[in-house]
Amino acid sequence: SDFLTKNFPEIKVCFDLFGDNEFSYHKGVAFDVLCGNFPYPIAKGGRYQISGKQNVEAIGATIYMNRLWRI
């Protein structure tokens with residue numbers, strides 16, 4: 001948030017902590033990062049579980065570079 005505000009003051013960035021939907025693999029905390037009037041999130045992430053021999057919890061995020069280019 002600080003990086004975006006400092007380097008791109010003309011773009012309003014919003015973090016939506018309730019943006020993830022029920023079809024996602026995220027469990028618990030999930031978020032979308034929205035920018036200005038752009039209709040799609042430019043990033044999203046949250047907490048998820050990796051299943052296998054051992055269940056491992058993790059937190060991750062994806063930045064959609066193709067959407068950033070449009071802005």
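**Fold, core and largest pocket of the predicted model**

Of the 71 residues of the protein, 20% count as buried. The model described here is predicted. Two helices and four strands make up its secondary structure, and from the N terminus on these elements follow the order α-β-β-β-β-α. Among the contacts with a separation of 6 or more, 16% are between residues 24 or more positions apart.

The largest nonpolar core consists of six residues, namely Phe31, Val33, Cys35, Phe38, Ile42 and Ala43. Strand β2 provides the largest share of this core, with three residues. In general terms, nonpolar side chains tend to be buried together in soluble globular proteins.

Two members of this core were examined individually, beginning with isoleucine 42. This residue is found in the loop between β2 and β3, the latter strand covering residues 43-50. The relative accessibility of isoleucine 42 is 7%, so the residue counts as buried, given that the term applies under 20% relative accessible area. When neighbours within four places in sequence are left aside, isoleucine 42 is in contact with Val33, Cys35, Thr62, Ile63, Tyr64, Leu68 and Ile71. Two of these partners, Val33 and Cys35, are also listed in the largest nonpolar core. Isoleucine 42 and arginine 70 are 28 residues apart along the chain, and their C-alpha atoms are separated by 10.0 Å.

Phenylalanine 38 also belongs to the core. Its relative accessibility is 17%, and because the limit for a buried residue is 20%, phenylalanine 38 counts as buried. Residues up to four places away in sequence not being counted, phenylalanine 38 touches Arg67, Arg70 and Ile71. The structure holds one aromatic pair. This pair is formed by phenylalanine 38 and tyrosine 40, whose ring centres are 6.0 Å apart and whose planes meet at 75°, so the arrangement is edge-to-face; planes over 60 degrees apart are assigned to that class. Tyrosine 40 has a relative accessible area of 43% and is therefore partly exposed, whereas its partner phenylalanine 38 is buried.

The next feature considered is empty space. Such space is revealed by rolling a probe the size of a water molecule over the atoms. The largest pocket has a volume of about 390 Å³. It is lined by 15 residues, of which Phe3, Leu4, Phe8, Ile42 and Leu68 are the closest to its centre. Ile42 thus appears both in this group and in the largest nonpolar core, and Leu68 is among the contacts of isoleucine 42. At least two lining residues are supplied by each of α1 (2-7), β1 (13-16), β2 (30-35) and α2 (65-70). Classified by residue type, the lining comprises 14 nonpolar residues, one polar residue and no charged residues.

Two glycines in loops were also considered. Glycine 28 is located in the loop between β1 and β2. With a relative accessibility of 67%, glycine 28 counts as exposed, since exposure is assigned over 50%. Glycine 28 and tyrosine 48 are 20 residues apart in sequence, and the distance between them in space is 7.7 Å, C-alpha to C-alpha. Glycine 36 lies in the loop between β2 and β3, the loop in which isoleucine 42 is also found. The relative accessible area of glycine 36 is 47%, so this residue is partly exposed. A distance of 8.9 Å, C-alpha to C-alpha, lies between glycine 36 and isoleucine 71, which are 35 residues apart in sequence.

A charged residue on a strand was examined last. Glutamate 57 is found in strand β4, which covers residues 56-63. Its relative accessible area is 52%, so glutamate 57 is exposed. Leaving aside neighbours within four places in sequence, the contacts of glutamate 57 are Arg47, Tyr48 and Gln49. For one of these partners, arginine 47, the C-alpha atom is separated from that of glutamate 57 by 7.2 Å, and the two residues are ten residues apart along the chain.

Notes
Residues are numbered from 1 along each chain as its sequence is written. This is a predicted model: local features need pLDDT of at least 70, side-chain atom pairs count only at pLDDT 80 or more; totals for chains, interfaces and linings use all residues. Side-chain values use heavy atoms; hydrogens and water are left out. On a 1 Å grid over the protein atoms alone, a cavity is a set of points where a 1.4 Å probe fits but cannot get out, and a pocket is an open set with protein on both sides within 12 Å along at least five of seven lines; lining residues have an atom within 4 Å of a point. Grid points are joined across faces, edges and corners, and a volume is the space filled by probe spheres set on the points. Ala, Val, Leu, Ile, Met, Phe, Trp, Tyr, Cys and Pro count as nonpolar, Asp, Glu, Lys and Arg as charged, and the others, Gly among them, as polar. A nonpolar core is a set of buried Ala, Val, Leu, Ile, Met, Phe, Trp, Tyr and Cys residues joined through side-chain atoms within 4.5 Å. Buried means under 20% relative accessible area, exposed over 50%, partly exposed in between (1.4 Å probe, protein chains only). Contact means heavy atoms within 4.5 Å. Rings of Phe, Tyr and Trp (its six-membered ring) pair if their centres lie within 6.5 Å; planes under 30 degrees apart count as stacked, over 60 as edge-to-face and the rest as tilted.
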